[in-house]
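Hi,

Here is the structure I promised to pass on, with my notes underneath. Have a look at it first, then read on.

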Amino acid sequence: MKKILLIPFLLFAVLSMAACSDPNEEPLTPDQPEQPENPGGGGNDEAPSEPTDPTPGGNGRYLVLFASRSGNTERMANEIRTQLDCDILEVEPQTPYDEDYNSMLSRAQEELAAIRQGNYPPVKTSVENFEDYDMVFVGYPIWHGSMATPMQTFLHNHAEKLSGKQIALFASSGSSGISTSVSEARALCPDAEFTETLHLTRNTLEQMESRITSWLEQLNVNSNNNNNEGNMQTNTLKLTVGDKTFTATLVENSSTKALKERLAQGSLSIRMSDYGDMEKVGPFGFSLPRNDQQITTGPGDLILYQGNSFVMYYDTNSWNFTRLGKVDGITTRSEMLDLLGGEGDITVTLSI
């Protein structure tokens, strides 16, 4: 008789637990869970790890920090990293979350309750300093309306180091808003400067790339090459021929402005041949604005010919064309030919 009464009681308890959870939160969506590093779970007996080095990108001005379980926040983090070509680092719990959905759910609830009591679950990720970064991007899933616990711990542990830093928050969730987690971040790092946030739900995740691009533009962060603005202001051109790299100083005109805009997207290689025992010439593969005038060239002069050809002079000539600049430190034919490897076809790579 007791067994018969126990069955409906257990059924009621299970239904009650399900009713208390929000199926729209990221930790409550069992689709595509991340693979834990330690599938068997285990106790918190790992030795504390040393500070973790971020995976470097080409642009060291920005750092993307993220915590993720279902993979949605990780996708956002990787897209930001791709657009900025910047450093990235995952914030991981000291003990990996269990693959079992219900176990993970129970642990997340317990950790959120512990944080409200001032007890932060340990993470194995730390950073020595943030001095080299102009902005730190902090990404996390939203669990029961709150910032995921590993990221809360990380910010709590690094609050002093993040003092004065610009922090850009981004988050993913099923449907919950981001406002509570923003308040939590501000409380955890009261001396940091917080910028505009980005929040994607399951209904807007497919728009991730365009949303991130717009967000980075709103933050005044160039989404392709953050050094473009500085590159556009420089008048130094780098030229590489074989194993030799040298520089030239560009003049200021619409031709060099357009050339720098093109080189801001990446370096340019040009195949060049000798002509008239005075120059090497090769096609850009595109046209630049012309500022033609009568010019007498000398060794080291860089010239735009007919708007679409690049010319490097190692001797004198007079013609009507556009001056681009001059190779630094070159005064004689022999000096210029030495840089170019003598007479014969070459490939020169231009960059800024």
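How near do the axes of helix H4 and helix H5 come, and at roughly what angle do they cross? This is a predicted model, by the way, so please read everything below in that light. The axes of H4 (residues 149–157) and H5 (residues 179–188) come within 9 Å, and the crossing is at roughly 25 degrees. Because angles under 35 degrees count as roughly parallel, H4 is roughly parallel to H5. On the H4 side the contact is made by Gln152, Leu155 and His156, and on the H5 side by Glu184, Ala185 and Leu188. Sorted by type, the residues of that contact come out as 3 nonpolar, 2 polar and 1 charged.

H4 has more going on than its contact with H5. Since 7 of its 9 residues are buried, H4 is largely enclosed by the rest of the structure. The buried ones are Thr149, Pro150, Met151, Gln152, Thr153, Phe154 and Leu155. They pack against S1, helix H3 (101–116), strand S3 (135–143), strand S4 (146–147) and H5. Gln152 and Leu155 turn up twice here: they are buried, and they also take part in the contact with H5.

Now the whole chain, before more single residues. There are 9 helices and 16 strands, and 46% of the 352 residues are buried. Of the contacts with a separation of 6 or more, 75% are between residues 24 or more positions apart.

On confidence, the average pLDDT for the chain is 83, and 82% of the residues score at least 70. Two stretches to keep in mind: residues 1–50 stay under 50, and the model has 67 contacts beyond four places in sequence for them. Residues 223–229 are also below 50, with 15 contacts in the model beyond near neighbours in sequence.

A few residues I looked at one by one:

Ser68 sits in the loop between strand S1 (59–66) and helix H2 (72–84). Buried or exposed, then, for Ser68? Its relative accessible area is 12%, and since buried means under 20%, Ser68 counts as buried. Its side chain reaches two backbone nitrogens: that of Gly71 at 3.3 Å and that of Glu74 at 3.2 Å.

Ala171 is in strand S5 (residues 166–173). With a relative accessible area of 0%, Ala171 is buried. Which residues is Ala171 in contact with, leaving aside its neighbours within four places in sequence? They are Met76, Tyr140, Ile142, Ile178, Leu198, His199 and Leu200. Gly139 is worth a click as well: Ala171 and Gly139 are 32 residues apart in sequence, yet 5.3 Å apart in space, C-alpha to C-alpha.

Thr201 belongs to strand S7 (residues 198–201). Thr201 is buried too, at a relative accessible area of 17%. Not counting residues up to four places away in sequence, Thr201 touches Ser173, Gly174 and Ser175.

Further along the chain, Leu337 is found in helix H9 (residues 333–340), and its relative accessible area of 13% makes Leu337 buried. Leu337 and Tyr314 are 23 residues apart in sequence and 6.4 Å apart in space, again C-alpha to C-alpha. Tyr314 is also one of the residues in contact with Leu337, along with Gly342 and Glu343, once neighbours within four places in sequence are left aside.

Last, two backbone angles for you to check. Asp277 has a positive phi of about 55 degrees although it is not a glycine. Where is Asp277? Asp277 lies in the loop between strand S10 (268–275) and strand S11 (279–283), and at 44% relative accessibility it counts as partly exposed. Gln306 likewise has a positive phi of about 55 degrees without being a glycine. Gln306 is in the loop between strand S13 (301–305) and strand S14 (309–313), and with a relative accessible area of 46%, Gln306 is partly exposed.

Cheers

Technical notes. Residues are numbered from 1 along each chain as its sequence is written. This is a predicted model: local features need pLDDT of at least 70, side-chain atom pairs count only at pLDDT 80 or more; totals for chains, interfaces and linings use all residues. Side-chain values use heavy atoms; hydrogens and water are left out. Helices (H or I, at least four residues) and strands (E, at least two) are DSSP runs, numbered from the N terminus. Buried means under 20% relative accessible area, exposed over 50%, partly exposed in between (1.4 Å probe, protein chains only). A polar contact is a pair of N or O atoms within 3.5 Å; within protein, one must be able to donate a hydrogen and the other to accept it, and residues adjacent in sequence count only if both atoms are side-chain atoms. Axes are lines fitted to C-alpha atoms, for helices over the stretch in contact, and angles run from 0 to 180 degrees between N-to-C directions. Angles under 35 degrees count as roughly parallel, over 145 as roughly antiparallel, 65 to 115 as roughly perpendicular and the rest as oblique. Contact means heavy atoms within 4.5 Å. Ala, Val, Leu, Ile, Met, Phe, Trp, Tyr, Cys and Pro count as nonpolar, Asp, Glu, Lys and Arg as charged, and the others, Gly among them, as polar. pLDDT is the predictor's confidence in each residue, from 0 to 100.
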